[in-house]
Amino acid sequence: MRKKNYYIISDGKLKRRENTLYFENEDGAKPIPINSIYAIYAMGSLSVTSKAISLLSKEGVCIHFFNRYGFYEGSYYPRETLISGDVVVKQAEHYLDHEKRLYLAKAFVEGSILNMEKVLLAYKLDTSDLISALQSLSDAESVQEVMGSEAIARNAYYSAFDSILKNFEFGGRSRQPPGNEVNAMLSFGNAMLYSAILSELYHTQLHPAISFLHEPAERRFSLALDVAEIFKPIIVDRLVFHLVNKGMMKKDDFDRQLNGVLLNDSGRRKFVKAFNERLESTIKHRKLKRNVSYQRLIRLECYKLVKHILGAEKYRPFVMWW
């Protein structure tokens, strides 16, 4: 049985009966065979019994929790079974060594900018500001300067959004809370992507809290933020453009709350369905010569990091070619 992501939108409880999970709510109990679960995304108020946690841990299933406003709250990350002491030590060495860390930080931002460029070129928009940002990135001598180049590129990239979007206005990036419908989708999509990347990191030898572009910090798995820079334009931004320009998202899929705009239940259901379809959709991989899903592309990127850290193969960021 192929494992898949499970998205729980409504409130309820996860319980275990023998070797099967059950999601219980006011509508009754629905069985979820444990061998069919890849990861769980909880969008409502979810209670999880200790017996269910034990089974999820045994099977290596992550649970990502979002609050009722669609904001990411945290993840249940089972005890790692693939963590390698050699990889973790070398991963820490790459963080502590200025040149090694700077190389990886630049690589993440280079991949991000090149993928932003691909997005804009698909809409026949000017990319000269992104090219300038790439030049400043190559000259950067610190991670702070790398972050500065990334900020310049992203601001230029966001300035083109209103030329792409047909049914909603963007007007610039706003967060916590998002200021309009497009920002609400971007924030929610980025949180979903972070969670998806965290699930992939779990299945590698990498330690999710040792990062290179973002500063490692308490209470967050910052390596997922690093990898997300590469995939935001590919997965989240293009998905938002698709949903908006195809008229799939409507004004009544959003609510004005907390002095901002958030996806409501119907909006989250639409977005989650489209996001999962995007993760499961495939492309013909140039190097592997076979179809791989977008979700698999994330795992492959993590494997490339492992090879780089171990000195087997120099890391180059993934850049889409379609």
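1. Two strands are taken here to pair if DSSP finds at least two bridges between them. On that basis, and bearing in mind that this is a predicted model, four strands form an open sheet in the order S1-S5-S7-S8, in which the pairing is mixed. Strand S1 (4-8) and strand S8 (72-76) stand at the edges with a single partner strand each, so one side of each is left without a neighbour in the sheet. From one strand to the next, the twist of this sheet averages 20 degrees.

2. Within the sheet just described, strand S5 (residues 37-42) and strand S7 (residues 62-66) run parallel and are joined by four bridges. One point of register may be useful for checking the pairing against the coordinates: Ile 40 has Ile 63 in S7 as its bridge partner. Helix H7 (residues 181-202) lies across S1, S5, S7 and S8, and its direction runs at about 165 degrees to S7.

3. A further open sheet, also described by its strand order, consists of four strands arranged as S4-S3-S2-S6 with mixed pairing. Its edge strands are strand S4 (28-33) and strand S6 (46-48), each of which pairs on one side only, and the twist averages 25 degrees from one strand to the next. Strand S3 (residues 20-25) runs antiparallel to S4, and six bridges join the two; in S4, Pro 33 is the bridge partner of Thr 20. Helix H1 (residues 50-59) packs on this sheet, where it touches strand S2 (12-17), S3 and S6, and the direction of the helix makes about 70 degrees with that of S2.

4. Turning to helix packing, the axes of helix H3 (residues 98-122) and helix H4 (residues 128-139) come within 10 Å and cross at roughly 170 degrees. An angle over 145 degrees counts as roughly antiparallel, and H3 is therefore roughly antiparallel to H4. On the H3 side the contact is made by Lys 106, Val 109, Glu 110, Ile 113, Leu 114, Met 116, Glu 117 and Leu 120, and on the H4 side by Leu 130, Ile 131, Ala 133, Leu 134, Leu 137 and Ser 138. By class, the residues of this contact divide into 10 nonpolar, one polar and three charged.

5. Helix H2 (residues 85-96) and helix H10 (residues 294-309) pack with their axes 9 Å apart, at an angle of about 80 degrees, and are therefore roughly perpendicular to each other. In this contact Val 87, Lys 90, Gln 91 and His 94 of H2 meet Val 306, His 308 and Ile 309 of H10. The class composition of the contact of H2 with H10 is three nonpolar, three polar and one charged.

6. As to enclosed space, a search of the whole structure finds one cavity of 30 Å³ or more, and about 60 Å³ of space lies in the largest cavity. The residues that line this cavity are Tyr 69, Gly 70, Phe 71, Pro 178, Ala 184, Ser 187, Phe 188, Leu 262 and Leu 263. H7 and strand S10 (260-263) are the elements that give two or more residues to this lining, and the largest share, three residues, comes from H7. Seven of the lining residues are nonpolar and two are polar, while none is charged.

7. The largest pocket has a volume of about 760 Å³. It is lined by 23 residues, of which Arg 175, Gln 176, Ser 187, Asn 190 and Leu 225 are the closest to its centre. Helix H5 (143-158), H7 and helix H8 (222-245) each supply at least two residues of the lining, with H7 giving the most, five residues. Divided by class, the lining has 11 nonpolar, five polar and seven charged residues. A reader following H7 through the model will thus find this helix lying across S1, S5, S7 and S8, in the lining of the largest cavity and in the lining of the largest pocket; Ser 187 is listed for the cavity and for the centre of the pocket.

8. The second largest pocket holds about 440 Å³ of space. Of the 18 residues that line this pocket, His 285, Lys 287, Leu 300, Lys 304 and Glu 313 are the closest to its centre. The lining of the second largest pocket comprises nine nonpolar, one polar and eight charged residues.

Key. Residues numbered from 1 in each chain as written. Predicted model: local features only at pLDDT ≥ 70, side-chain atom pairs only at ≥ 80, totals over all residues. Heavy atoms only, no water. Axes fitted to C-alpha atoms, helices over the stretch in contact; angles between N-to-C directions. Contact = heavy atoms within 4.5 Å. 1 Å grid on protein atoms, 1.4 Å probe; cavity = no way out; pocket = protein on both sides within 12 Å on 5 of 7 lines; lining within 4 Å. Points joined across faces, edges and corners; volume = space filled by probe spheres on them. Nonpolar A, V, L, I, M, F, W, Y, C, P; charged D, E, K, R; others polar. Parallel < 35°, antiparallel > 145°, perpendicular 65-115°, else oblique.
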